Amino acid sequence: MRRELLALGIFMLTAATAVADTVPQATQDFIDKVAVANKFEIDTSQLELKYGKAADVKSFAQQMIDDHTKAGQDFKASLAEAKIEAPKDALDIAHTAKYAKLRVFTTENGFDAAYVDEQLSAHKDAVGLFKDYSANGPAGPVKSFAEKTLPTLEHHLAMVKELHDKMSSNAATGASPGTSGTSGDTK
């Protein structure tokens with residue numbers, strides 16, 4: 001009888017561990033990357049609101065905060081529905097370094113351009129991540145979240161590309177940040 005109880009106890013411990021490990025690796029990788037990317041986009045956008053100068057870039061940053069806050073809520077709801085524990089709300093080492101570089105090493109006059117460059121890179125990565133998971137991830141609430149969120153991220157990417165192109169054009173013509181490049185503002 002003792003052996004059977006011991007065997008049952010070991011089985012139950014093993015089963016409990018197996019249940020905790022049922023998240024497919026592709027899903028766990030996606031979840032971890034989404035959590036970091038979403039926090040990074042919000043945190044750097046908050047920096048833009050604090051240190052940026054260009055009105056159009058600040059407007060974009062506010063939209064990023066609003067949209068990514070909602071996406072974060074939808075993300076957590078999809079994880080709860082899938083019975084997956086949400087990851088910590090923290091940046092990984094690479095994104096912490098990017099954040100610190102933007103915060104500490106960007107000059108006041110170059111902040112808008114540095115922010116737009118980071119957002120362009122972040123949204124290219126996010127669109128690729130969400131496209132891949134939408135196409136290849138296992139069916140369920142997390143995949144549904146990816147499919148639902150992808151068009152918003154693609155819209156963000158188009159917006160930041162437009163800002164980037166505008167800023168590059170302004171730099172070439174000598175226009176001030178936040179202007180169309182048609183004023184007589186030259187250096």
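Biologist: In which helix do Asp74 and Lys70 both lie?
Modeller: This is a predicted model. Asp74 and Lys70 sit four residues apart, which is about one turn of the helix. Both belong to helix α3.

Biologist: How far apart are the closest N and O atoms of Asp74 and Lys70?
Modeller: Side chains of opposite charge can pair when their charged atoms come close. A salt bridge needs the nitrogen within 4 Å of the oxygen. Asp74 and Lys70 form one, and their closest N and O atoms are separated by 2.9 Å.

Biologist: What is the relative accessible area of Lys70?
Modeller: Partly exposed residues fall between the 20% and 50% limits. Lys70 is partly exposed, with a value of 46%.

Biologist: How many residues apart in sequence are the parts that Lys148 and Asp74 tie together?
Modeller: The side chains of Lys148 and Asp74 meet in a salt bridge at 3.4 Å, N to O. Lys148 is in helix α6 and Asp74 is in helix α3, so the pair ties together parts whose separation in sequence is 74 residues.

Biologist: Is Lys148 buried or exposed?
Modeller: The cut-off for exposed is over 50% relative accessible area. Lys148 has 52%, so this residue counts as exposed.

Biologist: Which residues do salt bridges that share partners join into one network?
Modeller: Asp74 pairs with Lys70. Asp74 also pairs with Lys148. These shared partners make one network of Lys70, Asp74 and Lys148.

Biologist: How many residues apart are Asp56 and Lys166?
Modeller: The salt bridge count is five. One of them joins Asp56 to Lys166, with the closest N and O atoms 2.7 Å apart. Asp56 lies in helix α3 and Lys166 in helix α6, so this pair links distant parts of the chain. The gap is 110 residues.

Biologist: What is the relative accessible area of Lys166?
Modeller: Its partner Asp56 is partly exposed at 22%. Lys166 is partly exposed too, at 29%.

Biologist: What pattern does the chain follow along the sequence?
Modeller: The chain has six helices and zero strands. Read along the sequence, that gives α-α-α-α-α-α.

Biologist: Which helix gives the largest share of the largest nonpolar core?
Modeller: This core has 33 residues, and Phe30, Tyr115 and Phe130 touch the most other members. At least two core residues come from each of α2, α3, α5 and α6. The largest share is ten residues, and the helix that gives it is α6.

Biologist: Which residues are in contact with Phe130, leaving aside its neighbours within four places in sequence?
Modeller: Phe130 is one of the core residues that touch the most other members. With the sequence neighbours set aside, its contacts are Phe30, Val34, Phe145, Ala146, Thr149, Leu150 and Leu153.

Biologist: How much space lies in the largest cavity?
Modeller: The structure has one cavity of 30 Å³ or more. Among its lining residues are Val34, His68, Phe130 and Leu153. The space inside is about 90 Å³.

Biologist: From which helix does the largest share of the lining of the largest cavity come?
Modeller: Seven lining residues are nonpolar, four are polar and one is charged. At least two come from each of α2, α3, α5 and α6. The largest share is four residues, from α2.

Biologist: What share of the 187 residues in the chain do buried residues make up?
Modeller: Buried means under 20% relative accessible area. Within the chain of 187 residues, the buried share is 35%.

Terms used
Residues numbered from 1 in each chain as written. Predicted model: local features only at pLDDT ≥ 70, side-chain atom pairs only at ≥ 80, totals over all residues. Heavy atoms only, no water. 1 Å grid on protein atoms, 1.4 Å probe; cavity = no way out; pocket = protein on both sides within 12 Å on 5 of 7 lines; lining within 4 Å. Points joined across faces, edges and corners; volume = space filled by probe spheres on them. Nonpolar A, V, L, I, M, F, W, Y, C, P; charged D, E, K, R; others polar. Buried < 20%, exposed > 50% of the residue type's maximum accessible area, 1.4 Å probe, protein only. Core = buried A, V, L, I, M, F, W, Y, C linked by side-chain atoms within 4.5 Å. Contact = heavy atoms within 4.5 Å.
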